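This note is addressed to a colleague who is meeting the structure for the first time. Please read the numbered points with the sequence and the model side by side.

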Amino acid sequence: MIEIWYFCQKKSSMFQEKDFIAPFSYEVEKASFAWEAPSNIALVKYWGKKEGQIPANPSISFTLSSCKTITKIDVERLASFLDSKTTFSFEFIFEGNPKPDFHPKINQFFERIVTYCPFLKAYHFVITSENTFPHSSGIASSASGMAALALNIMSLERALNPQITDDYFYSKASFLARLGSGSACRSIKGEVVVWGENYDFSNGSNLFGIPFNEIHTVFKNYQDTILLVDKGEKQVSSSVGHNLMHEHPFSNERFKQAKQNLDRMKTILKNGNLDQFIALVESEALTLHAMMMTSMPYFILMKPNTLEIINAIWKFRNETKIPICFTLDAGANVHVLYPENVKVKVLKFISENLVDYCQNKQYICDQIGSGSKMLIKQN
Ligand code: PMV
């Protein structure tokens with residue numbers, strides 16, 4: 001008990017992997033929790049990882065607000081603790097329908113985190129989940145989905161061990177989410193989140209994301225309009241892409257550059273220099289895709305309309321001096337980033353000039369948000 005108390009009182013920057021392994025009682029019979037967790041968009045990109053979902057370079061992201069996953073868990077204690085050979089006991093319902101195709105992913109996630117959450121084997125889980133953004137819109141739901149599930153699991157842990165501090169709760173939620181999908185660790189808490197060790201962020205950790213709060217007011221309510229260029233399945237998954245960085249001829253230079261870029265981004269986020277912000281964000285997006293194009297095997301996730309949009313944004317910016325820029329995820333969709341005070345003009349530009357490049361003229365208006373929210377707690 002003294003040991004648990006000690007871990008729970010530590011500051012997040014001091015948490016180590018072993019601090020997240022805690023003994024539990026199994027006194028809760030039945031409980032229900034629900035959380036919503038947002039998606040996020042990286043400004044400095046994570047691309048390449050080591051064993052155990054450890055990033056090869058640090059990254060930083062804006063947390064989104066409207067694009068999120070809402071997940072509820074109803075848990076009931078099993079008559080006996082499942083043995084090590086048994087798989088976990090759960091059902092998964094996605095947007096109203098049972099989704100057995102998701103079972104292997106959830107099972108793999110539970111396998112990865114059971115060392116830190118041994119109580120998983122003592123419960124049956126009914127997991128009900130939905131996204132606020134259209135299914136197969138090309139927006140990755142793994143970040144928001146894994147973050148929402150991890151937060152629910154932490155609510156169960158807190159019901160079993162009410163002593164844990166908020167700092168421990170959110171750091172471990174991010175730690176667990178990371179084991180589901182790397183970038184999910186940046187979808188827990190804070191408008192801007194850093195993940196990864198770096199000399200300039202002394203409290204940065206490879207194990208979980210940390211909010212970065214020293215943000216200039218120009219970034220308040222910063223807008224992200226996501227242009228849905230291609231809603232199909234990606235031809236190459238992120239995991240395959242990350243793995244290709246192991247043998248990549250430019251990987252070491254890229255990891256070095258990402259570290260420097262994180263350092264620069266920190267200064268820009270503090271001083272609000274939008275010209276520097278634009279240059280760095282766009283360069284990061286194109287570098288991510290350049291890594292894909294120079295992997296072996298190589299691949300291209302951008303589509304012709306991605307390039308049309310990029311060129312139209314550059315032309316608009318040159319002509320109007322309005323500070324908009326683009327970034328890209330691992331896909332063809334374009335995130336258009338801009339300050340709130342130019343929203344009307346930019347949305348007019350998008351609706352008049354860019355919607356024709358979007359599949360079914362679809363786009364999503366989002367903006368920076370502050371992170372996850374608990375919706376239900378019954379235990
Ligand atoms: O979290 P993963 O394994 O799906 O990787 C995501 C990587 C990028 O979205 C391309 C970049 C990032 O930092 O989010």
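1. A first residue to locate is Asn 261. Apart from its neighbours within four places in sequence, Asn 261 is in contact with Val 44, Arg 254, Leu 280 and Glu 284. Asn 261 belongs to helix H6, which covers residues 251–271. Its relative accessibility is 2%, and because buried means under 20%, Asn 261 counts as buried.

2. The model under review is a predicted one. The secondary structure of the protein consists of 9 helices and 14 strands. Of the 379 residues in the protein, 56% are buried.

3. On overall dimensions, the radius of gyration of the protein is 21 Å; a compact globule of 379 residues would have a value near 21 Å, so the two agree. Taken along the principal axes, the box filled by the C-alpha atoms is roughly 65 × 45 × 40 Å.

4. The contacts of the chain deserve a separate remark. When contacts between residues at least 6 apart in sequence are considered, 77% of them join residues at least 24 apart.

5. As to the surface, the protein exposes about 16700 Å², and 51% of this area is supplied by carbon and sulfur atoms. The protein carries 39 positive and 38 negative side chains. The centres of these two sets lie 2 Å apart.

6. Strand E4 (residues 59–77) should be examined with its partners. With strand E1 (residues 30–44), E4 pairs in the antiparallel sense over 13 bridges; within this pairing, Lys 30 has Glu 76 of E4 as its bridge partner. E4 also pairs with strand E8 (residues 192–195), again in the antiparallel sense, over 4 bridges. Here the bridge partner of Ser 59 is Trp 195 in E8.

7. A further partner of E4 is strand E7 (residues 123–131), and this antiparallel pairing runs over 9 bridges. Two positions may help the reader to find it on the model: Val 75 has Phe 125 in E7 as its bridge partner, and Asp 74 stands opposite Val 126 in E7.

8. In which sense, parallel or antiparallel, does strand E5 pair with E7? The pairing of E5 (residues 89–94) with E7 is in the parallel sense and extends over 6 bridges. Phe 92 stands opposite Ile 127 in E7. E7 itself is mostly covered, with 7 of its 9 residues buried.

9. The last residue to consider is Tyr 357, placed in the loop between helix H9 (343–354) and strand E13 (363–367). Is Tyr 357 buried, partly exposed or exposed? At 23% relative accessibility, Tyr 357 counts as partly exposed, because this class lies between the 20% limit for buried and the 50% limit for exposed.

10. The surroundings of Tyr 357 bring together separate parts of the sequence. Tyr 357 and Asn 305 are 52 residues apart in sequence, yet 5.4 Å apart in space, C-alpha to C-alpha. Neighbours within four places in sequence being left aside, Tyr 357 is in contact with Val 229, Asn 305, Glu 308 and Ile 309.

Notes:
Residues are numbered from 1 along each chain as its sequence is written. This is a predicted model: local features need pLDDT of at least 70, side-chain atom pairs count only at pLDDT 80 or more; totals for chains, interfaces and linings use all residues. Side-chain values use heavy atoms; hydrogens and water are left out. Buried means under 20% relative accessible area, exposed over 50%, partly exposed in between (1.4 Å probe, protein chains only). Contact means heavy atoms within 4.5 Å. The radius of gyration is taken over C-alpha atoms; the globule rule is 2.2 Å times the number of residues to the power 0.38. Accessible areas come from the Shrake-Rupley method with a 1.4 Å probe; for residues, only the protein chains shown count as cover. Lys and Arg count as positive and Asp and Glu as negative; His and the chain ends are not counted. The place of a charge is taken as NZ of Lys, CZ of Arg, CG of Asp or CD of Glu. Two strands pair if DSSP finds at least two bridges between them.
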